[in-house]
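Biologist: Before accepting the terms used for this structure, I should like to hear the reasoning behind each of them. May we go through them in turn?

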Amino acid sequence: MFSKNARLWLGLIAAASLLTIASSCGGPKTEDTNAGNGGGAGKAYASKGDEGTITGKISFTGAAPEAKKIDTSADAACASKNPNLVVEDWAVKDGKLANTFVYIKEGTLADNTKIGDYDGKTFPGAATAAAVLDQNGCHYKPHVLGVMVNQEISITNSDPTQHNIHFLATKVNPDWNQSQVNGAPALSHKLVHAEVMAPVKCNQHPWMKSYVGVMKHPFFAVSAEDGSFTIKGVPPGKYTVVAWHEGGVNGTEKPMEVTVTAKGAATADFSFGASAALSGQPSSLPMMPALEVPMGMKH
Ligand SMILES: [Cu+2]
């Protein structure tokens with residue numbers, strides 16, 4: 001039969017092909033947190049023109065936490081451009097809460113298909129342009145951003161100082177850390193896995209934080225200053241809608257079952273309270289040295 005050498009080679013070839021199979025169907029393990037495919041998988045959604053909306057208000061019950069002033073004296077450019085910068089973890093105005101990320105977590109359409117069966121990019125309203133995350137006045141605008149998987153995020157520096165944007169490594173998305181001097185062109189970044197939420201910080205200015213919700217579908221919104229949000233283009237169906245806010249130990253999520261009828265306007269009002277506010281900062285954003293050497297400068 002086979003010589004010792006031939007058997008060795010056959011064994012090696014078999015092992016190599018097993019490895020190839022493993023790597024082609026394996027890839028990074030994801031813990032994608034919402035339904036719907038954003039990476040081109042899944043079937044195409046065919047609109048019947050009967051999509052509806054989900055609207056609501058986010059309230060804050062109890063006394064609003066004080067918006068603490070940030071000491072920006074470490075960077076004179078920040079201090080002069082934005083002398084009244086305050087902490088944005090609880091943006092409460094007249095009992096309404098901004099910066100809450102509201103999204104469809106899962107659900108079943110009227111024809112019994114699941115939202116996760118579809119290629120999220122084929123839903124009406126799927127993002128086609130880049131989202132913008134601006135470093136402006138030594139804070140991020142917006143403080144909470146929603147994007148689709150693989151959507152370009154254009155990162156701009158509108159300040160007369162250097163920033164260092166840092167998407168922290170999470171269970172699903174890798175670390176990404178880039179410095180951006182005053183006047184530098186926009187940086188571009190994409191998050192390849194769905195996540196609630198991908199935390200962003202600035203290594204230069206430790207008070208700068210932002211959270212990016214990454215979805216496989218376009219059914220998400222961020223509450224405005226008056227607490228309102230609107231999710232458009234939702235196929236008729238029954239959904240679990242979740243409101244996420246950064247308050248609490250790892251952020252706080254509140255789910256709600258919502259039914260959207262054909263061309264209907266469903267309401268989903270959420271309320272966050274003082275108890276969540278008192279439980280402290282999210283632990284997902286550890287403070288880091290303000291002047292950590294940015295990876296972008298190491299080449
Ligand atoms: Cu900065």
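Biologist: Why is Lys81 called partly exposed?

Modeller: This is a predicted model, and the value computed for Lys81 is a relative accessible area of 35%. Buried requires under 20% and exposed over 50%; Lys81, at 35%, is therefore partly exposed.

Biologist: What makes the contact between Asp159 and Lys81 a salt bridge?

Modeller: The N to O distance between the two side chains is 2.8 Å. The cut-off is 4 Å between a side-chain nitrogen of Lys or Arg and a carboxyl oxygen of Asp or Glu, so the pair of Asp159 and Lys81 qualifies. The two residues are 78 apart along the chain: Asp159 is in the loop between strand E8 (153-157) and strand E9 (163-167), and Lys81 is in helix H2 (residues 76-81).

Biologist: Is Asp159 buried or exposed?

Modeller: Asp159 has 2% relative accessibility. Because the limit for buried is under 20%, Asp159 counts as buried.

Biologist: How many salt bridges are found by this rule?

Modeller: The count comes to four. Among them is the pair of Lys93 and Glu225, with the closest N and O atoms 3.3 Å apart. Lys93 belongs to strand E2 (residues 92-93) and Glu225 to the loop between strand E14 (220-222) and strand E15 (228-234), so this salt bridge ties together parts that are 132 residues apart in sequence. At 45% relative accessibility Lys93 is partly exposed, whereas Glu225, at 55%, is exposed.

Biologist: How do you know that Asp119 and Lys121 form a salt bridge?

Modeller: Their side chains meet at 3.5 Å, N to O, which is within 4 Å and therefore satisfies the rule. Asp119 is buried, at 10% relative accessibility, and Lys121 is partly exposed, at 43%.

Biologist: Which protein atoms are the donors of the copper ion?

Modeller: They are His163 (ND1), Cys202 (SG), His205 (ND1) and Met208 (SD), at 2.0 to 2.6 Å from the ion. The cut-off for a donor here is 2.8 Å, so these four atoms count as donors. Along the chain they follow the spacing H-x38-C-x2-H-x2-M. Of these residues, His205 is buried, with a relative accessible area of 2%, and Met208 is buried as well, at 1%.

Biologist: Why is the site of the copper ion called irregular?

Modeller: The angles among the four donor atoms run from 95 to 136°. Tetrahedral requires all angles to lie between 85 and 135 degrees, and the upper value of 136° falls outside that range. Square planar requires opposite donors over 155 degrees apart, a value that angles of 95 to 136° do not reach. The site is therefore irregular.

Biologist: What makes E6 and E11 the edges of their sheet?

Modeller: The sheet is open and mixed in pairing, with its four strands in the order E6-E5-E8-E11. Strand E6 (140-141) and strand E11 (187-189) each have a single partner strand, so one side of each has no neighbour in the sheet.

Biologist: How do you know that E5 and E6 pair?

Modeller: Pairing needs at least two bridges. Strand E5 (residues 131-135) is joined to E6 by two bridges, so the antiparallel strands E5 and E6 count as paired. The bridge partner of Asp134 is Lys141 in E6.

Biologist: Finally, is Thr267 buried or exposed?

Modeller: Thr267, in strand E18 (residues 265-267), has a relative accessible area of 53%. Since exposed means over 50%, Thr267 is exposed.

Terms used:
Residues numbered from 1 in each chain as written. Predicted model: local features only at pLDDT ≥ 70, side-chain atom pairs only at ≥ 80, totals over all residues. Heavy atoms only, no water. Donors = N, O, S within 2.8 Å, 3.2 Å for Na, K, Ca; no water. Tetrahedral: all angles 85-135°; square planar, octahedral: opposite > 155°, others 65-115°. Buried < 20%, exposed > 50% of the residue type's maximum accessible area, 1.4 Å probe, protein only.
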